[in-house]
Structure formats: C-alpha cells, structure tokens
Amino acid sequence: MTEDGTGRLDDQAFAEWLAGEAGVALTALRAEQGFADPKALKDAGDKVSHDLMSTALARWRPADAVLSEEQADSRRAWVDDPSAGDRPTRLTADRVWIIDPLDGTREFSESGRDDWAVHVALWQRSAGPDGALVAGAVGMPARTGPDGTPLVLGNRVPAAPAVDGPLRIAVSRSRPPAFVSELVEGIGARAVPMGSAGVKVCAVVTGEVDAYVHAGGQYEWDSAAPVAVALGAGMHASRIDGSPLRYNRDDPRLPDLLVCRPEHAGSLLAAIDRYR
C-alpha cells in the first residue's frame, strides 16, 4: 500500500484501497476455482475476502472496531440485558469499519456475472448525534473503470447527469419485494434487475438507474458503503418511510432502503407510502 507523508493513507483512500485489494483476491479465486461447485465458490469467496480485509484492518487500523457479515454473532441483536453476554466493542467504539467482504454471492458464483461487489465503510460516533458514515467504497471487480482497472467507487465520485424518460428502478433479479413490483407499475417506471445491493446503489450514482427501492430485509453491511458513496455524490438515501439510516446500532438489521436522485425523493417516498 502506498502511504502518504504521515505514514498512512487517509480513511477514504484506505477504504478504496481495501475494496480494491479484496476484489483482486476474489477475481483470482474465481479464475482458479471455477464455477462447477457454486456453494464451494461462495463459501471460499466469503472467507478469502473476510480474512484479507480483517488482516489489513488489524494491521493498518488496529484501534478501530469492525462489523463484518462474516463475524460470529454478526446478526445478533444486542440488548441491554445482563444475560446477553459481553457486548461487542463496536458498540462503544468511536470508529467502526462496516464491511461486507462479498456482496452478491449468488452472482459471484455464476460465470459471466459482473454484478457482485465488496463493501468497505467507516462509521464515526463523533461525526454526528447518531454517528455518521465518514468514508466508503464499493469495489466491483468484474467491471472496469475508465483507467482500465477493476472498478472501485468512493464517496468522492460525482453523480452522472439526469436523463429524460420513465424512472428506472433497480430491483432484485431473483426476489424483488411484491410492493416494489406494484410501485414500478403504478408510477409507470421501468424495473432494472440487478444482483448485489452495492451494484444497485452505485447504479444510481453512475446514471444506469434513477432509484433503488428495497424492503426485503438487509443488514448494516449491505448498505453502509453504498450509502456512503451515494451520499458523497449528492444522492438521497433513507429508510422507505423517509427516516434516517442509522449505523452501528445494537440491532444490525436495517431492513429497507431508498436511494435515488434527490429530485425524485419526495414523489418516490409518497408513492412508496401508497403501495407498501
């Protein structure tokens, strides 16, 4: 890793570097292992990326806490209950890296699919009343950026310009929530099926779609990094009832999400309220 004059990259550059390194490892694993056994490839991808990212964070950000999808008890809802056991250090830490080592495992395990991703985000308690995301990167290793290298979007990427025509809404290619299908039809939009949640959110930033609506259940690591990228580009990001997205909570479930161009936020929230 190239370091700056202080001996380390700033947090945003580090997030982008880490997403890129994990993406290189996942691409190599895909090429080496092949697609004959999808489950084995998914499991290996989760482990390889998690191990790489955990090792790098322990080396370069040893004082920070980590929330990773692949950690033991990552999905546990911690409550103020003495019988719950030792609460994770992230719940009292000022800085927490929220990572999804491999988002879109199904797509990762299918030959020819490029809609899978790596998520890296940094949440900081002191950045706001409820804390805030202060850095984020989404690596899409099977896609190529303008410089010919695997694509990594950070929170400094400018949004693509708006386009005319019906709204394009990113939806799950395998299990879109029923109300989202009704919403798309009801407002005369066009559904654009995609895999990884990170890819869907980033598609709003890059102009491939105008919005992503999700209500089928997610966790903090599914949206933290993509939301950091979207907010950095000036996009709207909230729960589907319009309330703020809050991270590093006792319960890591964050089940619904709206990311869209800001000019569509009001009308989409109103339509969601009608159809859900």
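**Figure 1. Arg106 sits in helix α3 (residues 105-108).** The model shown here and in every view below is predicted. Arg106 has a relative accessible area of 39%, so it ranks as partly exposed. Its partner for distance in this view is Leu52. Arg106 and Leu52 lie 54 residues apart in sequence. In space, 20 Å separate their C-alpha atoms.

**Figure 2. Leu41 is a buried residue of helix α2 (residues 38-60).** The relative accessible area of Leu41 is 0%. Buried means under 20%, so Leu41 falls in that class. Leaving out residues up to four places away in sequence, Leu41 touches Leu29, Arg30, Gln33, Gly34, Phe35, Phe108 and Ser109. Ser109 is 68 residues from Leu41 in sequence. Their C-alpha atoms are nevertheless 6.0 Å apart.

**Figure 3. Asp73 has a positive phi.** The value is near 65°, and Asp73 is a residue other than glycine. Asp73 belongs to the loop between β1 (65-68) and β2 (95-103). Its relative accessibility is 47%, so Asp73 counts as partly exposed.

**Figure 4. Gly136 lies in strand β4 (residues 132-144).** At 0% relative accessibility, Gly136 counts as buried. Residues up to four places away in sequence are not counted in its contacts. Gly136 touches Gln12, Ala15, Val120 and Ala121. It also touches Leu153, Gly154 and Asn155. Ala228 and Val229 complete the list for Gly136. Thr105 is 31 residues from Gly136 along the chain. The C-alpha atoms of Gly136 and Thr105 are separated by 20 Å.

**Figure 5. The chain divides into domain 1 (6-154) and domain 2 (168-275).** The centres of the two domains, taken over C-alpha atoms, are 20 Å apart. Domain 1 gives 39 residues to the contact between them. Domain 2 gives 28 residues.

**Figure 6. The largest nonpolar core has 39 residues.** Ile98, Met140, Tyr247 and Val259 touch the most other members. Helix α5 (residues 197-206) supplies the largest share of this core, seven residues. Domain 1 (6-154) and domain 2 (168-275) each contribute at least three residues. Another core lies apart from this one. That second core has 24 residues, among them Leu29, Ala44, Leu102 and Ala137.

**Figure 7. Met140 and its contacts.** Neighbours within four places in sequence are left aside. Met140 is then in contact with Trp116 and Ala117. Leu151 and Leu153 also contact Met140. So do Val199 and Cys202. Met140 is one of the residues that touch the most other members of the largest nonpolar core.

**Figure 8. Helix α5 packs against helix α6 (residues 220-232), with axes that come within 9 Å.** Two packed helices are described by the angle between their axes and the distance between the axes. Here the axes cross at roughly 10°. Helices α5 and α6 are therefore roughly parallel to each other. From α5, the residues in contact are Ala197, Gly198, Val201, Cys202 and Val205. They meet Asp222, Pro226, Val227, Val229 and Ala230 in α6. By class, this contact has eight nonpolar residues, one polar and one charged.

**Figure 9. Ser223 is buried in helix α6.** Its relative accessible area is 2%. Leaving aside neighbours within four places in sequence, Ser223 is in contact with Gln218, Tyr247, Leu254 and Leu257. Tyr247 also appears among the residues with the most contacts to other members of the largest nonpolar core.

**Figure 10. Asn248 has a positive phi although it is not a glycine.** The angle is about 55°. Asn248 lies in the loop between β9 (236-238) and β10 (257-260). Its relative accessibility is 6%, so Asn248 counts as buried.

**Figure 11. Ala270 has its place in helix α7 (residues 265-275).** With 37% relative accessibility, Ala270 counts as partly exposed. Pro161 is 109 residues from Ala270 in sequence. From C-alpha to C-alpha, Ala270 and Pro161 are 24 Å apart in space.

Technical notes. Residues numbered from 1 in each chain as written. Predicted model: local features only at pLDDT ≥ 70, side-chain atom pairs only at ≥ 80, totals over all residues. Heavy atoms only, no water. Core = buried A, V, L, I, M, F, W, Y, C linked by side-chain atoms within 4.5 Å. Buried < 20%, exposed > 50% of the residue type's maximum accessible area, 1.4 Å probe, protein only. Helix = DSSP H or I, 4+ residues; strand = E, 2+ residues; numbered from the N terminus. Domains from an automatic or database assignment. Contact = heavy atoms within 4.5 Å. Axes fitted to C-alpha atoms, helices over the stretch in contact; angles between N-to-C directions. Parallel < 35°, antiparallel > 145°, perpendicular 65-115°, else oblique. Nonpolar A, V, L, I, M, F, W, Y, C, P; charged D, E, K, R; others polar.
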